[in-house]
Amino acid sequence: MSLVSIYSNKDVIINKIKSLNEQKFDSDLQLASYVISECILKQYEMMRNVLNPNMIKKRFFKQELSGNQLKNALYQHIYSHNHIALTDEIFEVKNAITKYNNKLNNNQDTLMAKLLILEEYIDTFHFILEYTALLEEHYLITLVSNKDFTVSNLNYYYVFNNKFSKQVNEMLKNEGYHIISYLYDTDQLNLELDDEFILDNLLKLNREFIRKCNFKDWKNYSDDFYSPIKFAELFKINRDMYSLCISGIGNYLNTLSFLFNSEMTFSCNSLKDVFSAIYGLYMAKREENIRRQNNDPRYTGKDEGEIVGVEVK
């Protein structure tokens with residue numbers, strides 16, 4: 001069941017955007033770089049605080065597994081997991097678009113359906129961010145001594161705040177600049193792409209990403225499979241994903257103007273508006289996702305809790 005939390009959390013979104021607008025930026029590209037970096041850092045923080053402890057709890061590795069064998073086994077799961085999650089969200093966007101078209105064809109109110117499309121695009125953005133954080137983290141882990149990478153040390157590398165997590169954070173702080181510079185230099189900051197083109201090409205990129213990973217149980221991979229060249233290829237695919245997702249979010253910004261009763265207006269042709277909206281939408285949905293992990297019966301498996309959002313049929 002897909003729920004529109006954007007409507008329920010619209011005040012949170014407004015406050016997030018206002019806090020961003022209080023900061024001074026020399027250009028729209030600098031603002032865009034800041035937004036991407038902040039979102040990646042927050043996604044990585046959520047990974048270490050919420051997602052990774054659950055991942056480690058559910059993986060049952062032999063204690064003697066270590067070094068490259070453990071690294072490869074772990075990232076086989078991690079990349080496959082993110083690939084599946086992103087694929088699922090892309091199809092959620094497609095389903096939301098179908099609901100919107102059905103309402104449009106039956107002369108029904110389409111506001112919630114359009115908000116659902118926007119929300120599903122933000123969910124795809126989550127997993128694109130996660131690819132970025134995973135790649136930086138994985139790159140640093142390939143440099144870790146094999147004798148130090150053991151099952152008993154997994155919490156050190158994936159959960160605890162320490163020297164390693166600080167190194168990853170420092171690298172992620174620069175990613176916003178690298179991603180926006182790449183998109184700008186390759187003329188990919190295109191805010192006029194249609195949904196079919198965006199979603200079909202996101203699926204292709206996600207397939208291309210996983211095919212460059214060690215995801216096959218039936219195949220043996222060399223210890224140095226994740227070489228600098230491999231990481232460069234994966235980073236490029238990941239950066240290409242951003243341009244498509246950003247364009248998809250931009251397609252529905254006018255819906256936010258309507259939702260906020262003109263308190264804030266957004267233009268899909270403005271980089272500042274697009275990235276300000278992305279910041280507010282992502283940060284609000286991130287908070288909602290963390291809340292769901294702790295207090296939504298659909299996630300906790302408990303009978304009590306609160307389900308936030310409006311259902312779109």
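Is Tyr-226 buried or exposed? Tyr-226 is buried, since its relative accessible area is 8%. That residue returns in one of the close-ups below, which all come from a predicted model.

**View A. Two aromatic pairs, one tilted and one edge-to-face.**
Let's begin with the rings. A pair of aromatic rings is described by the distance of the centres and the angle of the planes. This structure holds 18 aromatic pairs. One of them joins Tyr-75 and Tyr-158, with 6.4 Å from centre to centre and 50° between the planes, a tilted arrangement. Tyr-75 belongs to helix 4 (residues 67-105) and Tyr-158 to helix 6 (residues 154-158), so the pair links parts of the chain that are 83 residues apart. Both of these tyrosines are buried. In the pair of Phe-225 and Tyr-226, the ring centres are 5.0 Å apart and the planes stand at 90°, which makes it edge-to-face. Phe-225 is buried at a relative accessible area of 18%, and its partner Tyr-226 is buried at 8%.

**View B. Lysines over the faces of aromatic rings.**
Here each lysine is shown with its ring. Lys-10 sits over the face of Tyr-7, at 4.8 Å from the ring centre. In the second example, Lys-71 lies over the face of Phe-149, and the distance to the ring centre is 5.8 Å.

**View C. A salt bridge between helix 2 and helix 12.**
Side chains of opposite charge can pair when their charged atoms come close. The count for this structure comes to 11 salt bridges. In this one, Lys-16 pairs with Glu-287, and the closest N and O atoms are 2.7 Å apart. The pair links distant parts of the chain: Lys-16 is in helix 2 (residues 10-21) and Glu-287 is in helix 12 (residues 271-295), 271 residues apart. Lys-16 counts as partly exposed because its relative accessible area is 22%. Glu-287 is partly exposed as well, with a relative accessibility of 38%.

**View D. A salt bridge between helix 9 and helix 4.**
Asp-200 and Lys-94 form a salt bridge whose closest N and O atoms are 3.1 Å apart. Asp-200 lies in helix 9 (residues 195-211) and Lys-94 in helix 4, with their positions 106 residues apart in a link across distant parts of the chain. Asp-200 is partly exposed at a relative accessible area of 29%, and Lys-94 is partly exposed at 25%.

**View E. A salt bridge within helix 10, and a network elsewhere.**
Lys-236 and Asp-240 meet through their side chains in a salt bridge of 2.9 Å, N to O. They are four residues apart in helix 10 (residues 228-250), so about one helical turn separates them. Lys-236 is partly exposed, with a relative accessible area of 43%, while Asp-240 counts as buried at 11% relative accessibility. Have a look, too, at Lys-42, Glu-45 and Arg-286, which are linked in a network of salt bridges.

**View F. Glu-120, a buried charge without a salt bridge.**
Where does Glu-120 lie? Glu-120 is part of helix 5, which covers residues 111-142. Glu-120 is buried and has no salt bridge; Lys-285, the nearest side chain of opposite charge, is 6.0 Å away. A salt bridge needs the nitrogen and oxygen within 4 Å, so Lys-285 at 6.0 Å does not qualify. Leaving aside residues up to four places away in sequence, Glu-120 touches Ser-2, Glu-89, Glu-92, Val-93 and Ala-96.

**View G. Ser-5 and its polar contact with Glu-119.**
Ser-5 lies in helix 1 (residues 5-8). With a relative accessibility of 3%, Ser-5 counts as buried. The side chains of Ser-5 and Glu-119 are joined by a polar contact of 2.6 Å.

**View H. Two loop residues with positive phi.**
Most residues other than glycine have a negative phi. Asn-107 is not a glycine, yet has a positive phi of about 55°. Asn-107 is placed in the loop between helix 4 and helix 5, and is exposed at a relative accessible area of 75%. Asp-187 also has a positive phi of about 55° without being a glycine. The loop that holds Asp-187 runs between helix 8 (175-185) and helix 9, and Asp-187 is exposed, with a relative accessible area of 68%.

Technical notes:
Residues are numbered from 1 along each chain as its sequence is written. This is a predicted model: local features need pLDDT of at least 70, side-chain atom pairs count only at pLDDT 80 or more; totals for chains, interfaces and linings use all residues. Side-chain values use heavy atoms; hydrogens and water are left out. Helices (H or I, at least four residues) and strands (E, at least two) are DSSP runs, numbered from the N terminus. Buried means under 20% relative accessible area, exposed over 50%, partly exposed in between (1.4 Å probe, protein chains only). Lys and Arg count as positive and Asp and Glu as negative; His and the chain ends are not counted. Contact means heavy atoms within 4.5 Å. A polar contact is a pair of N or O atoms within 3.5 Å; within protein, one must be able to donate a hydrogen and the other to accept it, and residues adjacent in sequence count only if both atoms are side-chain atoms. Rings of Phe, Tyr and Trp (its six-membered ring) pair if their centres lie within 6.5 Å; planes under 30 degrees apart count as stacked, over 60 as edge-to-face and the rest as tilted. A charge sits over a ring if NZ of Lys or CZ of Arg is within 6 Å of the ring centre and within 35 degrees of the ring normal.
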